[in-house]
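Hi,

Here is the model I promised to pass on. Have a look at it first, and my notes follow below.

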Amino acid sequence: MSEIIKLSSPSDFESLREKIIKGRDPNRTAVAVCSGPGCLAYASGKVFKRFEEALSAAGLEGEVTLAQTGCHGFCERGPSVVILPDEICYLRVSPEDVNEIVETTLKNGAVVERLLYKGEDGLPIQKESDIPFYKYQQKVVFGDNKRIDPRSIEDYIARGGYTALVKAITTMTPEAVIAEVKDSGLRGRGGGGFPAGAKWEATAKPPADTRYVIVNADEGDPGAYMDRGILEGNPHSVIEGLMIGGYAIGANEGYIYVRQEYPLAIDNVLYALDVLRELGLLGENILGTGFSFDIIVHKGAGAFVSGESSALMSAIEGRVGEPRPKYIRTSISGLRGKPSCLNNVETWANVPLIINKGANWFKSIGTEGSKGTKIFSLVGNVKNTGLVEVPMGMTLRQIIFDIGGGIRDDKEFKAVQTGGPSGGVIPEEMLDLHVDYDELYSAGSMMGSGGMIVMDKDTCMVNVAKYFLEFLSDESCGKCVPCRDGIDQLLEVLRRMTAGTARPDDLDLIEDISVMMKECALCGLGQSAPNPVLSSIKYFKDEYVAHINDKSCPGGVCKALIAYTIDVEKCIGCGKCMKVCPVNAISGDKKKPHKVNNALCVKCDSCYQECPSKVQAVTKIRQADVITAFATSEEAANE
Amino acid sequence: MLGRLAAVDKIIEAHGSDREGLIQILLDIQREFRWLPKEILEHVSKRLDVPINYIYNLTTFYAHFSLVPKGRHSMHVCMGTACHVRGAERLLDRTSQVLGIKPGQTSRDEKFSLDTVNCLGACALGPVMIADDEYLSNPTLEDIRRKADSCE
Ligand SMILES: Cc1cc2nc3c(=O)[nH]c(=O)nc-3n(C[C@H](O)[C@H](O)[C@H](O)COP(=O)(O)O)c2cc1C
Ligand code: SF4
Ligand code: SF4
Ligand code: SF4
Ligand code: FES
Ligand code: FES
């Protein structure tokens with residue numbers, strides 16, 4: 001803020017808003033350089049610096065706004081630079097491209113074609129919203145990232161920011177706010193999909209002198225980064241939602257629990273809070289309405305289970321973040337024993353929209369039981385990875401193929417994993433499933449927080465199940481036996497399977513242990529821990545059977561069960577495999593078929609990765625067949 | 001030693017000596033010293049009037065804390081789901097090969113530490129690692145070597 005004037009009434013706020021909007025030319029050119037985690041990895045920091053230099057060299061600083069923004073979504077193609085107001089979208093921008101962009105686009109109004117997205121017909125697409133990755137999305141929560149400098153409250157206010165808060169605290173009773181959120185059908189975006197309005201009501205009800213509202217930004221689900229995208233890119237949207245919740249529930253203090261691995265999110269939130277306090281939008285008697293509210297940021301020190309509601313509240317109290325039994329609800333006795341309402345980042349970010357546009361607008365998006373949009377982290381073996389926001393009810397096929405562009409390297413699709421370590425896998429036959437809370441649940445998976453990990457045919461489902469159990473074994477707090485021992489027993493069985501020493505009745509054993517855990521574990525972590533295994537048995541039973549009976553790994557992943565060989569018919573003798581082999585297990589003359597010495601091979605997979613995809617001469621066979629396979633290929637080579 | 005304790009006192013002052021701030025204090029100490037030395041934890045225990053066992057309980061529960069010295073440069077390889085299906089295991093092998101240490105270890109000269117993490121929040125670029133503050137997306141053996149060589 002240039003000059004801070006403390007706002008002491010709603011009309012002060014309104015004049016500030018008018019002043020900001022009047023001072024803005026909607027046709028002004030703005031350059032939004034993404035500085036989300038993906039683009040930063042691709043050196044977007046340098047791109048930004050170059051823009052600063054180039055703009056000043058061209059004498060354009062006064063005419064062009066330059067901002068480092070949060071994630072635009074299409075991280076795979078980062079660094080992403082969007083030029084407003086025309087939404088010209090440049091992808092994979094390197095620092096060397098910047099001068100040309102300034103010269104061609106900013107000075108002469110033309111586009112740099114080579115930096116545009118090329119459609120399937122090979123023709124460049126200029127406008128961001130015309131690119132297939134963005135075209136099918138509906139960005140209501142996440143769409144403002146490219147239009148907002150996260151450090152500028154003016155940007156947020158110019159987009160309608162804090163009008164929902166002012167509306168709520170000046171024209172609505174707390175009950176009316178809760179009624180609107182209830183009516184909207186908003187469900188929690190962080191895990192179980194519990195109706196937000198009902199939770200607010202339950203927290204507002206018990207008599208208490210103090211109540212708390214809390215943002216869950218622990219984002220512990222591996223493979224998911226939606227919350228980071230929102231907090232880094234549009235921190236005010238979450239803060240405004242939390243304040244509205246505080247007003248509705250009767251809380252004067254809010255907490256934001258954010259993992260320490262997200263330093264930029266923490267900095268942007270702390271910065272935003274400072275500005276709000278200076279403006280008088282946070283603190284005592286906000287805008288003279290009598291509503292007082294402040295927010296404290298608490299950094300999480302890294303424990304998946306601390307994302308669970310009661311555990312998170314313990315962590316804020318400076319204790320070990322372990323869950324406690326659910327018979328005492330946190331809405332009655334939560335943080336410091338007071339009624340507390342915890343919602344996920346994305347849940348809070350939806351609130352200002354609902355207050356401003358109304359429950360009916362919100363309900364017009366989505367399905368019968370799941371309203372609004374959901375942001376997914378579309379990752380794994382899909383071509384277009386990134387953050388996508390779609391209306392509830394879109395099919396998996398649309399998300400993975402129309403938006404995601406299908407499978408990387410044009411391999412075959414195998415499964416998609418949703419719901420993180422509590423969720424499950426969904427097979428190809430179910431790609432037309434309409435994604436919402438209830439459909440995913442009936443398919444044996446979960447919405448979870450929004451991780452969507454796509455897997456191709458080179459993925460082993462038993463290995464993936466084992467991966468999740470290893471994760472959960474590390475992360476279980478060990479407080480209750482069903483979870484602590486159950487996970488380790490399940491893991492033991494899966495280790496046997498991947499090592500080729502499984503017993504015939506192991507599938508039944510998994511079933512028994514799982515039932516026990518679901519019934520007896522104390523918190524969601526243990527109760528849902530069997531899900532990744534059970535869902536993959538449900539849809540990929542033959543793969544489990546192959547591991548158990550045939551000692552083979554159809555996905556070609558489990559090292560103990562596979563061996564590498566080179567198909568002499570296909571090999572063109574390019575020698576690439578030989579070069580990458582770390583143990584010199586491959587031999588062969590130039591342009592002649594090569595071969596693998598299985599006695600030396602450590603199964604690092606490098607040769608398989610390196611062999612040209614058109615040739616695919618490196619093949620994986622059963623370890624049990626090695627001797628014969630080696631002999632046959634040698635015989636063949638001798639012939 | 002006295003200098004170190006003065007730095008710790010400064011951190012405690014910033015958070016207040018309420019027991020509730022303990023995790024935040026430990027996070028700042030971890031950031032400052034890259035690990036949590038015993039005498040510092042004892043000092044914190046006295047200043048905040050909490051039993052040392054209570055502190056150890058916290059430091060072993062949360063993954064971010066380390067009770068052994070860490071290298072001057074940290075390499076974290078993501079083992080999250082998105083990275084897992086795109087070859088995190090192989091990236092870890094490559095990094096381990098370049099640094100000559102296994103995950104969880106620190107090199108003898110205290111130059112490098114290699115650790116695994118559950119998710120770095122850059123899942124679109126998997127497999128990813130973070131070398132000090134720099135994210136690297138699926139770096140080759142050569143890329144990792146170059147990065148390691150550039151470290152002082
Ligand atoms: C083991 C475990 C870990 C969890 N981690 C998170 C998390 O990282 N972020 C989150 O928003 N919710 C997490 N949850 C769900 C929370 O307990 C809680 O339901 C949620 O934050 C409520 O917000 P919502 O209703 O807006 O989704 C976790 C639950 C469990 C059992
Ligand atoms: S179910 Fe697991 S994580 Fe949850 S309290 Fe029990 S041991 Fe801890
Ligand atoms: S799998 Fe690895 S060790 Fe085995 S032959 Fe191929 S490159 Fe060599
Ligand atoms: S990389 Fe493939 S084609 Fe080339 S020598 Fe090796 S097996 Fe043959
Ligand atoms: S981080 Fe830049 S587009 Fe996602
Ligand atoms: S899974 Fe590796 S960064 Fe998220």
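Let me start in chain B, where E110(B) sits in the loop that runs between α6 (88-99) and β2. Keep in mind throughout that this is a predicted model. What caught my eye at E110(B) is its phi, which is positive, near 55°, although the residue is not a glycine. As a general matter, most residues other than glycine have a negative phi. Is E110(B) buried, exposed or partly exposed? Its relative accessibility is 37%, so it counts as partly exposed.

A bit more on chain B as a whole. You'll find seven helices and four strands in it. Reading from the N terminus, the order of elements is α-α-α-α-β-α-α-β-β-β-α. The chain splits into domain 1 (2-61) and domain 2 (73-149), and the C-alpha centres of these two domains of chain B are 29 Å apart. Along the principal axes, the C-alpha atoms of chain B fill a box of roughly 50 × 30 × 25 Å. Chain B has 152 residues, and 52% of them count as buried.

Helix α3 of chain B, residues 38-48, is a good place to see some of that burial: I40(B), L41(B), H43(B), V44(B), S45(B) and L48(B) are buried there. Right after α3(B) comes D49(B), and its phi is positive too, near 55°.

One last thing in chain B: the peptide bond from G126(B) to P127(B) is cis, with omega near -5°. P127(B) belongs to the loop between β2 (112-117) and β3 (128-131) of chain B. For background, most peptide bonds are trans.

On to chain A. This one is divided into five pieces by number: domain 1 (25-130), domain 2 (160-363), domain 3 (373-459), domain 4 (462-550) and domain 5 (559-638). Between domain 1 of chain A and domain 5 of chain A, the C-alpha centres lie 45 Å apart.

Chain A has a cis peptide bond as well, joining G78(A) and P79(A), with omega about -10°. Where is P79(A)? Look in the loop between β2 (64-69) and β3 (81-84) of chain A.

There is a positive phi to check in chain A, at L287(A), where the value is near 55° in a residue other than glycine. L287(A) is in the loop between α12 (263-279) and β9 (294-300) of chain A. With a relative accessibility of 2%, L287(A) falls under the 20% cut-off and therefore counts as buried.

Finally, two surface patches on chain A. The positive one is made up of K576(A), K579(A), K590(A) and K591(A). K591(A) is located in the loop between β17 (586-587) and β18 (595-596) of chain A, and because its relative accessibility is 73%, it counts as exposed.

The other patch is nonpolar: V583(A), L600(A) and V602(A) form it on the surface, and together they have about 220 Å² of accessible area. To find V583(A), go to the loop between α24 (576-580) and β17 of chain A. Its relative accessible area is 32%, so V583(A) is partly exposed.

That's what I have for now. Shout if anything is unclear.

Cheers

Note on methods: Residues are numbered from 1 along each chain as its sequence is written. Chains are lettered from A and ligands numbered from 1 in the order in which they are written. This is a predicted model: local features need pLDDT of at least 70, side-chain atom pairs count only at pLDDT 80 or more; totals for chains, interfaces and linings use all residues. Side-chain values use heavy atoms; hydrogens and water are left out. Patches are made of residues with over 30% relative accessible area and no salt bridge: like charges are joined within 9 Å, nonpolar side chains (Val, Leu, Ile, Met, Phe, Trp, Tyr) within 5 Å. Accessible areas come from the Shrake-Rupley method with a 1.4 Å probe; for residues, only the protein chains shown count as cover. A salt bridge is a side-chain nitrogen of Lys or Arg within 4 Å of a carboxyl oxygen of Asp or Glu. Lys and Arg count as positive and Asp and Glu as negative; His and the chain ends are not counted. The place of a charge is taken as NZ of Lys, CZ of Arg, CG of Asp or CD of Glu. Buried means under 20% relative accessible area, exposed over 50%, partly exposed in between (1.4 Å probe, protein chains only). Domain bounds come from an automatic or database domain assignment.
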